[in-house]
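User: I'm new to reading protein structures. Could you pick one spot in this one, look at it closely, and then walk me outwards from there?

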Amino acid sequence: MGEQIQVFLSGHTLACATSCKVNISSDDIDVSCKDSAGFANTIPGKVSWTVSSDNLFVVADYTKLVDAMLNKTILDLTFASVDNFSAATSADSDGHRIPSGGWTSAGDLYYGKVTVSSIDLTADNGAVATYSGTFNGHGALTKGEDSTNS
């Protein structure tokens, strides 16, 4: 289920996430020639990756991301299944089900360094405020658990 996949920044999830998206792409290099019989032929080139997260507005997380963007800070990002999903059994006063101590990463997907490339705040009249953040990969994307942030 989608709610079991989380984005972790420096070991902690962004509060009240509503969705996340991961994009990994390759810049293909054209190696077509006269012998390609009129068809394109490519080989993989540089790989790039981005992660985005949509969240209900929480001042602490929003300002942390804006500060990281303004200061051009490189952050540690992991996207993974949560290891303690079944521990979220009782709701807090806002109706949120979060394990005591917060979510923990199962270390089953990927991690790497990122910079904040965009952050958008939406605060419509009569609606819950939300924000979206986009993170650009800074170097390699690695499979497994980030031992520096466990």
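Analyst:
**Starting from D76**

D76 is buried, with a relative accessible area of 16%. "Buried" means under 20% relative accessible area, "exposed" means over 50%, and "partly exposed" covers what lies in between, using a 1.4 Å probe and protein chains only. Before going on, bear in mind that this is a predicted model, so local features need pLDDT of at least 70 and side-chain atom pairs count only at pLDDT 80 or more, while totals for chains, interfaces and linings use all residues. Residues are numbered from 1 along each chain as its sequence is written, and side-chain values use heavy atoms, with hydrogens and water left out.

So what does D76 do with its side chain here? D76 pairs with K113 in a salt bridge, where the closest N and O atoms are 2.4 Å apart. A salt bridge here is a side-chain nitrogen of Lys or Arg within 4 Å of a carboxyl oxygen of Asp or Glu, and that rule gives a count of 1. D76 sits in strand β7 (residues 75-81) and K113 in strand β8 (residues 110-122), so the salt bridge ties together parts that are 37 residues apart in sequence. Strands like these are DSSP runs of E with at least two residues, helices are runs of H or I with at least four, and both are numbered from the N terminus. Unlike buried D76, K113 is partly exposed, at a relative accessible area of 38%.

D76 also has F8 to look at. F8 and D76 are 68 residues apart in sequence, yet their C-alpha atoms are 8.1 Å apart in space. F8 belongs to strand β1 (residues 5-9) and is buried, with a relative accessible area of 3%.

Now step back along the chain from β7. The loop between α1 and β7 holds K72, which comes just after α1. K72 is exposed, at 71% relative accessibility, and has a positive phi of about 55° although it is not a glycine. That's worth a second look, because most residues other than glycine have a negative phi. A37 does likewise, with a positive phi of about 55° and no glycine to explain it. You'll find A37 in the loop between β4 (29-30) and β5 (42-43), where it counts as exposed at 62%.

Before K72 comes helix α1 itself, residues 59-70. Its 12 residues should span 16 Å at 1.5 Å a residue, and its end C-alpha atoms are 16 Å apart, which agrees. (The expected span is 1.5 Å times one less than the number of residues.) Which residues of α1 are buried? They are D61, Y62, L65 and A68. Looking down the axis of α1, these buried residues fall within an arc of 130°, so they line one face of the helix. The arc is that of the directions from the helix axis to the C-beta atoms. The general idea is simple: an α-helix has 3.6 residues a turn, so residues three or four places apart point the same way. On the face of α1 turned away from its buried side you get the exposed residues V59 and L70.

Further back still is strand β6 (residues 47-56), which has partners on record in two directions along the sequence. Strand β3 (residues 17-26) runs antiparallel to β6, joined by 9 bridges, and β6 is also joined to strand β9 (residues 130-143) by 7 bridges, again antiparallel. Two strands pair if DSSP finds at least two bridges between them. For examples, S19 has D54 in β6 as its bridge partner, and S52 stands opposite T134 in β9.

C20 is a handy marker in β3. C20 is partly exposed, at 32% relative accessibility. Leaving aside neighbours within four places in sequence, C20 is in contact (heavy atoms within 4.5 Å) with I5, V7, S52 and S53. The C-alpha atoms of C20 and G133 are 9.5 Å apart, although 113 residues separate the two along the chain.

Finally, the whole picture. The protein has 1 helix and 9 strands, in the order β-β-β-β-β-β-α-β-β-β. Of its 150 residues, 26% count as buried. Among contacts with a separation of 6 or more, 69% are between residues 24 or more positions apart.

Note on methods: The expected span of a helix is 1.5 Å times one less than its number of residues.
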